[in-house]
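Please open the model in your viewer and keep the sequence panel beside it, as the stops below move from one selection to the next.

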Amino acid sequence: MIDANEYAKRRNEFFDLLDDNSVTILFAGVGKKKSGDENYDFVPNKNFYYLTGIRQENSILMLVKNDGEKMEYLFVDEKDEKIEKWTGYKLNHQEAKDISGISNVFVRTAFEGKILAFFNDNERNSEPITKFYLDLENELKIGEMKSTQAYKKELEVVHGLEVLDCHELIMGMRMIKSEAEIEMIREAIASTELGLKNALINLAPGKYEYNMRNIFNYTIYEDQDSDLAFPSIVAGGKNGVILHYPNQKDQLKDGDLVLFDVGAAKNYYCGDISRTYPVNGKFTDIQKVIYEIVLNCNKQTAAFMRPGITLKEANEFAKMFLANECFEKGLITSKEDIGKVNYHSVSHHLGLDTHDGTDRISKLIPGNVVTCEPGLYFKDLGIGVRIEDDILITEDGSEVLSKDIIKEVKDIEKMLGSKK
Ligand SMILES: [Mn+2]
């Protein structure tokens, strides 16, 4: 778990990025409607969660920086026994304080009043508030109140304030993982590995894609505190060329490959792993040629990733590697054709979101966690291969966090052969 001290430390660092005489408001958000009176599972705005550790919907964080003084307020729904009988227990103020490290906890209905007090100069002796920071990337409803965009307009028009976006400021912090965060990601990867292992025990021709997916998902949900980072993808044969293959109803055939793109999450920290295995336990010659190209690309690109390299450069490195290898093996007739068989980027940041920020041009620095996921997709051959690992950037290079999840041809064939 990540403790209140770490959340307090993050807020302190965040305060340093903010202009003086400003108010920052972050909303946890409310559950999104699915259909009828049914909602999707609630997931808090990760920027709000990153600074508070609070998962409860409707909660609000307010940070005030005034005359250099830093003030923190947290607003949570009032406890209501009647509502709790339907939708579950809500945090009391002490619990909210213990999780977040914020001493000033109020009921959510006090929020508007608290804000208005900062507009009323007569009540205060300090400099007037001139700036507001909102997370404008996330359009969230605030309880029965307005949306972030409507709130922005009101602050600008009614109160004449300058409204700034704090999304990038927080994302910048989130790109550098603490020890505790790296540990969460390690646990998520370990859980993912367990799910994959259980699926593989049951892998055989005649099984269905959803059999594999369900075994994986079951294992993750059985693991305490684990959740799925994203909907699991299990794609047999030609379905492996579809990146976010959605149906998973097909039978796994003798002689085909099966591609897994799966991840568990621990306290919202995601693992994101892809592996490709032969359904019958043995690669065909052509499958092996393609698999080895992707595997070598995976290993070399991971070794290429280190402080100072950008994700854009890593992507160019991987693409060039795949183009050269595919051309040499006669899989493409010109290197320029690589885009036909490799159509996604090799890496993204990983963290509280599976795609944790989109920065491709900043140089990698120690504490970054990124994926390394080259792939080759030959629709005509019915072969899709992706091998994805999660990489921690260290002082002097990188560490493959998912190195224990087998990917060498001989290890795969040995493991899948041994269960026969
Ligand atoms: Mn990925």
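Begin with the manganese ion, whose donors are spaced along the chain as D-x75-H-x24-E-x14-E; keep in mind throughout that this is a predicted model. To see the site itself, show the side chains of Asp 272 (OD), His 348 (NE2), Glu 373 (OE) and Glu 388 (OE), which coordinate the ion at 2.1 to 2.4 Å. Next, colour the strands around two of these donors: Asp 272 sits in the loop between strand E13 (269-270) and strand E14 (273-278), while Glu 373 sits in the loop between strand E15 (369-372) and strand E16 (375-378), so this pair ties together parts that are 101 residues apart in sequence. If you switch on a surface, are Asp 272 and Glu 373 buried or exposed? Both of them are buried.

Now select the cysteines. How many disulfides does a search of the whole structure find? The search returns zero, and Cys 326 can serve as an example, for the nearest cysteine sulfur, which belongs to Cys 297, is 9.2 Å away, whereas a disulfide would need the two sulfur atoms within 2.5 Å. Cys 326 is also buried, its relative accessible area being 0%. Move on to Cys 166, which likewise counts as buried, at 0% relative accessibility.

From there, go to helix H1, residues 4-17, and display its C-alpha trace. At 1.5 Å a residue, its 14 residues should span 20 Å, and the C-alpha atoms at its ends are indeed 20 Å apart, which agrees. With side chains shown, pick out the buried residues of H1, which are Ala 4, Glu 6, Tyr 7, Arg 10, Arg 11, Phe 14 and Phe 15.

Follow the chain into the loop between H1 and strand E1 (22-27), where Asn 21 has its place. Asn 21 is buried, with a relative accessible area of 13%, and its side chain is joined to that of Asn 66 by a polar contact of 2.7 Å. To view its surroundings, leave aside the neighbours within four places in sequence and select the contacts of Asn 21, including Lys 65, Asp 67, Glu 127, Pro 128 and Lys 131.

Finally, zoom out and colour by domain: the domain assignment gives domain 1 (4-173) and domain 2 (176-418). The C-alpha centres of domain 1 and domain 2 are 37 Å apart, and where the two meet, 12 residues of domain 1 are in contact with 11 residues of domain 2.

Technical notes: Residues are numbered from 1 along each chain as its sequence is written. This is a predicted model: local features need pLDDT of at least 70, side-chain atom pairs count only at pLDDT 80 or more; totals for chains, interfaces and linings use all residues. Side-chain values use heavy atoms; hydrogens and water are left out. Donors are N, O and S atoms within 2.8 Å of the metal (3.2 Å for Na, K and Ca); water is not among the atoms, so sites may look incomplete. Helices (H or I, at least four residues) and strands (E, at least two) are DSSP runs, numbered from the N terminus. Buried means under 20% relative accessible area, exposed over 50%, partly exposed in between (1.4 Å probe, protein chains only). The expected span of a helix is 1.5 Å times one less than its number of residues. A polar contact is a pair of N or O atoms within 3.5 Å; within protein, one must be able to donate a hydrogen and the other to accept it, and residues adjacent in sequence count only if both atoms are side-chain atoms. Contact means heavy atoms within 4.5 Å. Domain bounds come from an automatic or database domain assignment.
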